[in-house]
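This report walks through the packing in one protein chain. Please keep the sequence and the structure in view while reading.

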Amino acid sequence: MLMLVLSLAGGCRQSSSNWQGRASDSTTPAQGELETFPIRGKIVSVDAVKGSVVLNHDAVPGFMGAMTMRYTLKDATVVSELHPGDQITAKLLVRKVGDDFDDAMLDQIVVTGQARPDYKPMVQYHVPVAGDAVPDFRLVNENGKPIHLAQFKGRVVLLTFIYTRCPLEDYCPRMNKNFAQIDKALAADPGLYRQTHLLSVSFDPKFDTPAILKSYGGIYTGGDARAFAHWDFAAAAESELQAMEEFFDVGVTPGEAGTLTHSLSTALIGKDGKVRAWYPTNEWTPADVLAAIKSAAAA
């Protein structure tokens, strides 16, 4: 995929029923708080003169439903790299003015699927689908022990991506809380517990050392060291980090003050080491995924 890092995942905030999508007035100073939201969709058309695209996009978690509308590009110079039919992820920038949101722009665009093979993308992202064989990625867990995905064959694995410095409550903390609920529910059924494993993978290995992951994981496991036997907090090896992000469609770019803007990715892997289900947003519920885990364990 072309790392037009014009935009990648940002954050989720409270949705507004008063989205007006008004264009900015260059004669009037912009006012209001700038907010960001992750957005993904398919480009319908490109306007090189205006530096904008019409995007048919999925629902934006915490902000707006799925729709097709025109968006200005924050960096208009990248318009030549975008084509109708391209699949993208981006950061949607909007300014909150009262109860309305104005000045919608796309920033840090990442082309996840190109419509025209007229350029060679720097990075190719893979969208997981049921039946995909998961590579034997290698990681280091909270105890400093090397682990790899193939060692969990024969068990159902629920895997998600996080980093410990994530400041957005609806992102990594929400994934951790969901996993904690699932872990507790699985522990209530010893037979099912033995057939399953949870894995939270950090894409910030330079900061998220085993010691930090162990301390961080303890917040969600209740501080019981034995819980890590069922739920690992691990960092991808530097040599495999990019490949792992690409396979699970995780886009990550540097943010401010050590933060990372990133997309979400949670995968359910069957006993055979193949993808059973993939959840690319924060909208899945522990109850729904727990049902999917039980189904996979019974297969």
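About how many helical turns separate tyrosine 216 and tyrosine 220 in helix α3? The answer is about one, because the two tyrosines are four residues apart in that helix, which covers residues 210-221. The model is a predicted one.

**Aromatic pairs**

Tyrosine 216 is buried, at a relative accessible area of 10%. Tyrosine 220 also counts as buried, with 18% relative accessibility. Both values fall below the 20% cut-off for a buried residue.

The chain holds 13 aromatic pairs. Two of them are set out here.

| Pair | Centre to centre | Angle between planes | Geometry |
|---|---|---|---|
| Phenylalanine 161 and phenylalanine 248 | 5.5 Å | 55° | tilted |
| Tyrosine 216 and tyrosine 220 | 5.6 Å | 65° | edge-to-face |

Why does the phenylalanine pair count as tilted? The planes stand at 55°, and the class lies between stacked, under 30 degrees, and edge-to-face, over 60. Phenylalanine 161 belongs to strand β10, while phenylalanine 248 sits in the loop between α4 and β13. The pair therefore ties together parts that are 87 residues apart in sequence. Both of these phenylalanines are buried.

The two tyrosines of α3 also belong to an aromatic cluster. Its other members are Phe179, Phe228, Trp231, Phe233, Tyr279 and Trp284. One ring elsewhere has a charged partner: the charged end of arginine 165 sits over phenylalanine 207, 4.0 Å from the centre of the ring.

**Helix α4**

Helix α4 runs over residues 238-247. Its buried residues are Glu240, Leu241, Met244, Glu245 and Phe247. Where do they lie around the helix? Viewed down the axis of α4, they fall within an arc of 155°, so they line one face.

That set of buried residues packs against five strands. They are β8 (138-141), β10 (156-162), β11 (196-202), β12 (231-236) and β13 (252-254). Just after the helix, aspartate 249 adopts a positive phi of about 55°.

**Threonine 196**

Strand β11 includes threonine 196. Is this residue buried or exposed? Threonine 196 counts as buried, because its relative accessibility is 2%, against a cut-off of 20%.

Which backbone oxygens does its side chain reach? One belongs to leucine 192, at 3.1 Å. The other belongs to tyrosine 193, at 3.2 Å. Leaving aside residues up to four places away in sequence, threonine 196 touches Arg155, Val156, Leu186, His230 and Ile293.

**Helix α1**

One of the residues touched by threonine 196 is Leu186, which is among the buried residues of α1. The others are Cys172, Pro173, Met175, Asn176, Asn178, Phe179, Ile182 and Asp183. Phe179 is also a member of the aromatic cluster.

Helix α1 has 16 residues, 172-187. At 1.5 Å a residue, the helix should span 22 Å. The end C-alpha atoms are 22 Å apart, so the expected and modelled spans agree.

**The chain as a whole**

The elements described above belong to a chain with five helices and 16 strands. How much of the chain is buried? Of its 299 residues, 51% count as buried. Among contacts in the chain with a separation of 6 or more, 71% come from residues 24 or more positions apart. The pair of phenylalanine 161 and phenylalanine 248 links parts 87 residues apart.

Note on methods
Residues are numbered from 1 along each chain as its sequence is written. This is a predicted model: local features need pLDDT of at least 70, side-chain atom pairs count only at pLDDT 80 or more; totals for chains, interfaces and linings use all residues. Side-chain values use heavy atoms; hydrogens and water are left out. Buried means under 20% relative accessible area, exposed over 50%, partly exposed in between (1.4 Å probe, protein chains only). The arc is that of the directions from the helix axis to the C-beta atoms. Contact means heavy atoms within 4.5 Å. Rings of Phe, Tyr and Trp (its six-membered ring) pair if their centres lie within 6.5 Å; planes under 30 degrees apart count as stacked, over 60 as edge-to-face and the rest as tilted. A charge sits over a ring if NZ of Lys or CZ of Arg is within 6 Å of the ring centre and within 35 degrees of the ring normal. A polar contact is a pair of N or O atoms within 3.5 Å; within protein, one must be able to donate a hydrogen and the other to accept it, and residues adjacent in sequence count only if both atoms are side-chain atoms. The expected span of a helix is 1.5 Å times one less than its number of residues.
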